[in-house]
Amino acid sequence: MLPKTADDYVNGVLAGNRAIIGRAITLIESRAERHRALAKEVLMRLVPHSGKAHRIGISGVPGVGKSTFIETFGTNLTGAGHKVAVLAVDPTSSRTGGSILGDKTRMAKLSTDENAFIRPSPTGGYLGGVARATRETMIVLEAAGFDVVLVETVGTGQSETLVADMVDFYLVLMLPGAGDELQGIKKGILELADMIAVNKCEGDNDRRALAARVEYKNALNIMTPASPNWKPPVVTISGLNNYGIDTLWEKIQDHRKILTDSGELPAKRREQQITWMWSMLKERLVLALERDPAVAERIPSIEHDVAAGTMTATVGAETLLRAFGLDLDG
C-alpha cells in the first residue's frame, strides 16, 4: 500500500519499513510544488527522532577505492550490530541531466545486507555535486534507526566543503605514492580532514603507502587543524583486504567522544543548522526568482544583450533583480 498521508510516511519510517523509507526520500527530493507541504510536515515530525547517528563524510579522487572501502567498512559495522546508511552522491551530467546510479552494483554485498540502506542520489546540478536533499535524507534515515550515515562525495569541486558542513567526521581517502600527488592536493581539503586514510595498502603498494603516510603527516603538521581538540591522524588501510578498517573505526569513535565531552560536537551541529538554513534560503530565493513571470519575461533579452556585449553581466543581474521587485538602492 502506497503512503498517502504524513502519518503513513512518519509511522512507516519509524517502523523501519524500507519501502516507505525509500518513498519518503523520494518525496523530499521532489521539486514539485504539490509535494513540498507534505514533505515539510513529514520532516518536521521526524526531526525529534534524528540526530543520534555518526555522520561521516568520505571523499577522495576517482580511483582511490571509495566504493570498495565503503562496502568493507559498512559490512564490518553491520556485522558489529550497527545499522548503516550510505548516501552516494552521483555526478549529474550538466549536458544531459543524466546520472550514474550504479552504487548498488558497486556495493553488491552491502546492498543485500538487511541492516544497510544505500541511496544513490543524483545531484541535479547542485553546487559542488552534493544532492540538494542530502541533509533531509539524513533525517529520514536517522529517524528510521540507522546509527551510522556515510556520505560519499564525488571528490571534486566544492563538494568537500558542503559535505564537511553536514557531517561530524570528514574522512579523506588517498592513494599510495604521495610524491607528485601531494603537490596537487588542495590545502583546503587537508584543513577539512579529520583523518587521512591511505588506501590500497596491499601487495607492492605497501611500501609506497607507508611513505605516503609520512608525507601526509608532515603536510598536516603545518596545517591548522579544524578542531582544537583533535589532531587528524593518518592511517594506512586496504578496503580490498579489510586491513586497518577496525583501527580507523576506533579513531572515529575516539573523535566523537572527545568532541562530545568537550562540547564541540553539539556546538558544531548547531552551527551546521544555521549554515543549512542560509543554504535553503538562497536556494528558495533563486527558485522564486526563476519562476517569477516578470523575471522570466526579461531573461531572454537580457541574456542576449549580455552575450552580445551590449550589457554587462552586473547590469543584467541588477535588471533582473529589479524585475523581481528588489530595490537595490533602498
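Helix α13 is a good place to start: with seven residues, α13 gives the most to the lining of the largest pocket. (Helices are DSSP runs of H or I with at least four residues, strands are E runs of at least two, and both are numbered from the N terminus.) This is a predicted model, where local features need pLDDT of at least 70, side-chain atom pairs count only at pLDDT 80 or more, and totals for chains, interfaces and linings use all residues. Residues are numbered from 1 along each chain as its sequence is written, and side-chain values use heavy atoms, leaving out hydrogens and water.

The largest pocket holds about 730 Å³ of space. Of its 29 lining residues, L43, V47, E136, I139 and W276 are the closest to its centre. Besides α13, the elements giving two or more residues to this lining are α2 (18-29), α3 (33-46) and α7 (134-143). On a 1 Å grid over the protein atoms alone, a pocket is an open set of points with protein on both sides within 12 Å along at least five of seven lines, a cavity is a set where a 1.4 Å probe fits but cannot get out, and lining residues have an atom within 4 Å of a point. Volume is the space filled by probe spheres set on the points, which are joined across faces, edges and corners.

What about closed spaces? There are two cavities of 30 Å³ or more, and the largest has about 60 Å³ of space. Its lining includes H54, F169 and R256. β1 (54-59) and α12 (245-262) each give two or more residues to that lining.
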